[in-house]
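Me: Please take a close look at the aromatic rings in this model. I want geometry, burial and surroundings in one connected account.

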Amino acid sequence: MKPSAPAVATGHPHARAQGPGRPKDMEKRGAILAAAQKLFTRSGFEGTSMDAIAQAAGVSKLTVYSHFGDKDSLFREAAQTCCGELMPEQVFDFQSGSDVRVALGAIALAHSRVLANAELSALFRAVLGDCGADGDPRLGRLVWEVGPGRAQQKIEHFLTQAVAAGGLEIKDIPMAAGQFLALLRGDLPLRRLFICANVCEEADIRRNAEAAVEMFLRAYTPR
């Protein structure tokens, strides 16, 4: 019997190391991510196998492991891709001399759209269903990392830049970032959770974002 090929650091027997400089097939990668988003949303994390994702994407399981290493990494990238399309990284960059209200408003609107997005909410809800009393708490941490945790870090980064530029006056930036996220949430997540018909109305999303920015600036605009 021939010895098996060495696995990557994930330790999965089917995962193979990627040679240095070997080009990725981006079309296959996109198909895998699309299949993963669909299946994780429908079946949750535990109920979705790498075999099923490979079959839905029209690739081999070895191709899935070659691109993503393990299921945790695949879920993380599938969720981050969905978030990134709605809330790109550059929205969190604050340039000196920029209008704080305008910049903060762009973040607020993008994040409110994330909160109201049906596909992303369904993806997180399905995976969180695996985090019950007898479930794996690791999955909850994974959802936190790619969702609320990422948003917290990005907003802290923005607020740090805005404070340094004199646009805001904040003593506790992590606390302020959490407060801003709480203002942005409003009732959008609950309305999405209970599938309220009008939750995706753009007017509601904009009103939620504008109100959060207004209240936040009342607290942290330099006097």
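**A close look at the rings**

Reply: Phe40 is buried (under 20% relative accessible area, 1.4 Å probe, protein chains only), with a relative accessible area of 0%. Phe75 is buried too, and its value is also 0%. This is a predicted model, where local features need pLDDT of at least 70, side-chain atom pairs count only at pLDDT 80 or more, and totals for chains, interfaces and linings use all residues. Residues are numbered from 1 along each chain as its sequence is written, and side-chain values use heavy atoms, without hydrogens and water.

The whole structure holds 6 aromatic pairs (ring centres within 6.5 Å). Take Phe40 and Phe75. Their ring centres are 5.3 Å apart and their planes stand at 85 degrees, so this pair is edge-to-face (over 60 degrees). Phe40 sits in helix H1 (residues 26-43) and Phe75 in helix H4 (residues 71-86), so the pair ties together parts 35 residues apart in sequence.

Phe75 has another partner, Phe45. That pair is edge-to-face as well, at 6.0 Å centre to centre and 85 degrees between the planes. Phe45 belongs to the loop between H1 and H2, 30 residues from Phe75 in helix H4. Phe45 and Phe75 are both buried. Together, Phe40, Phe45 and Phe75 make one aromatic cluster.

A charge joins the picture. Lys71 lies over the face of Phe45, 4.5 Å from the ring centre (NZ within 6 Å of it and within 35 degrees of the ring normal).

Now the wider packing. The largest nonpolar core (buried nonpolar residues joined through side-chain atoms within 4.5 Å) has 62 residues. Phe75 is among those with the most contacts inside that core. Helix H5 (residues 100-116) gives the most to this core, with 9 residues.

Technical notes. Buried < 20%, exposed > 50% of the residue type's maximum accessible area, 1.4 Å probe, protein only. Helix = DSSP H or I, 4+ residues; strand = E, 2+ residues; numbered from the N terminus. Phe/Tyr/Trp six-rings, centres within 6.5 Å; stacked < 30°, edge-to-face > 60°.
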